Amino acid sequence: MSDADRNEDSPAQLAPGLYLVATPIGNLGDITLRALDVLRRADRIACEDTRQTQKLLNHFEIATPTISCHEHNERERAAELIGAIKAGGRIAVVSDAGMPGISDPGARLAAEAIAAGVDVIPIPGANAALSGLVASGLSTSEFHFIGFLPEKAGARRTRLEDLAAEAARSGGARTLVVYEAPHRILETLGGLEAVWGAGLRVVVARELTKIHEEFVRGTVAEVRQELTSRDRVRGEIVLLVEALPRTEGQAGSQAASNEKISARIARIQAEAPADAPLDENQALKRLARELGQSKSDLYRELQRERARRH
Ligand code: SAM
């Protein structure tokens, strides 16, 4: 089917296929005309949560039957829905909010539909990640969609360290786009500050498209201070991070950044409290975290320095 066919205002029937339909992320005004049309004319709407979607359908007086399709049944539903499309059906897929398949169910269904030779048709619309990114003021030319960080503190910290190491290797600036829960935002900002340094530029995009939409922009230390001063941080959040190879706060002066690894390790060891001394391996680990580089890269550099000395 050609795009022209798909864009026809109201052909008698939708073409058979799987329609991935974006829904609003807070402001009902963000539903598109095409989304309404597809939701009205589909045979069925596969929903992450049928009760949630029913509210949207009621608001727009859409009577299309719904069926659940969430992370726990997406695999089984896929076979059923693909079978229905092969028999000539039109299935719309929606998540609770935004684009299905983006940190939401839908991607597996789309992949299986494609593998089965069924048409998959995106119906674009609201998305929290891109909305936060474009209004952040950070670079949009290269960005890395992270979605949710791991829930456990240790795993989250490791992921942040890996991301800092990646940024150090890439050598260029890119913006990280993270979905974060309000009760974890302070901890994540703390982790970013520890890994990248206090000068890292971040933006907390909160409650996008809603009445209390807000952007808190600044260095990670400033944004953390601002949010800490509040009773509670509420609402939905997209966190944008300017992932430079290093930041001023972390790297210090240019002279410091030229300092030899061996000298830095000696300094870290000298600064350690007398009752908790650090061996070389521990100091190297801490330095790797500070610089956002991998410990093995730093170790190799240290070996090269020592070889040059002999
Ligand atoms: N599929 C959705 C999309 O296209 O944006 C994302 C779904 S994900 C399960 C939900 C997360 O997206 C929230 O926890 C929050 O991090 C982010 N989010 C969703 N709506 C938002 C909004 N209005 N403002 C800020 N962040 C939002």
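Let me start with a pair of strands. Strand β8, residues 201-206, and strand β10, residues 237-243, pair in the antiparallel sense over five bridges. One residue to find on your screen is R206, whose bridge partner in β10 is I237. Keep in mind that this is a predicted model.

Now the sheet around that pair. It is an open sheet of five strands, with mixed pairing, in the order β6-β7-β10-β8-β9. Which strands are at the edges? They are β6, residues 143-148, and β9, residues 214-219, and each of them pairs on one side only. On average, neighbouring strands of this sheet are turned by 15° against each other, ignoring direction.

A helix goes with this sheet. Helix α8, residues 185-196, packs on the sheet and touches β7, which is 174-180, as well as β8 and β10. The direction of α8 makes about 5° with that of β10.

Next, two loop residues. T23 sits in the loop between β1, 17-21, and α2, 33-41. Is T23 buried or exposed? Its relative accessible area is 3%, which is under 20%, so T23 counts as buried. Leaving aside residues up to four places away in sequence, T23 touches I31, L56, V94, S95, D96, A97, G98 and A126.

The other residue is A87, in the loop between α4, 74-86, and β4, 90-94. A87 has a relative accessible area of 70%, which is over 50%, so A87 counts as exposed. How far apart are A87 and P16 in space? From C-alpha to C-alpha they are 8.5 Å apart, while in sequence A87 and P16 are 71 residues apart.

Note on methods
Residues are numbered from 1 along each chain as its sequence is written. This is a predicted model: local features need pLDDT of at least 70, side-chain atom pairs count only at pLDDT 80 or more; totals for chains, interfaces and linings use all residues. Side-chain values use heavy atoms; hydrogens and water are left out. Helices (H or I, at least four residues) and strands (E, at least two) are DSSP runs, numbered from the N terminus. Buried means under 20% relative accessible area, exposed over 50%, partly exposed in between (1.4 Å probe, protein chains only). Contact means heavy atoms within 4.5 Å. Two strands pair if DSSP finds at least two bridges between them. Axes are lines fitted to C-alpha atoms, for helices over the stretch in contact, and angles run from 0 to 180 degrees between N-to-C directions.
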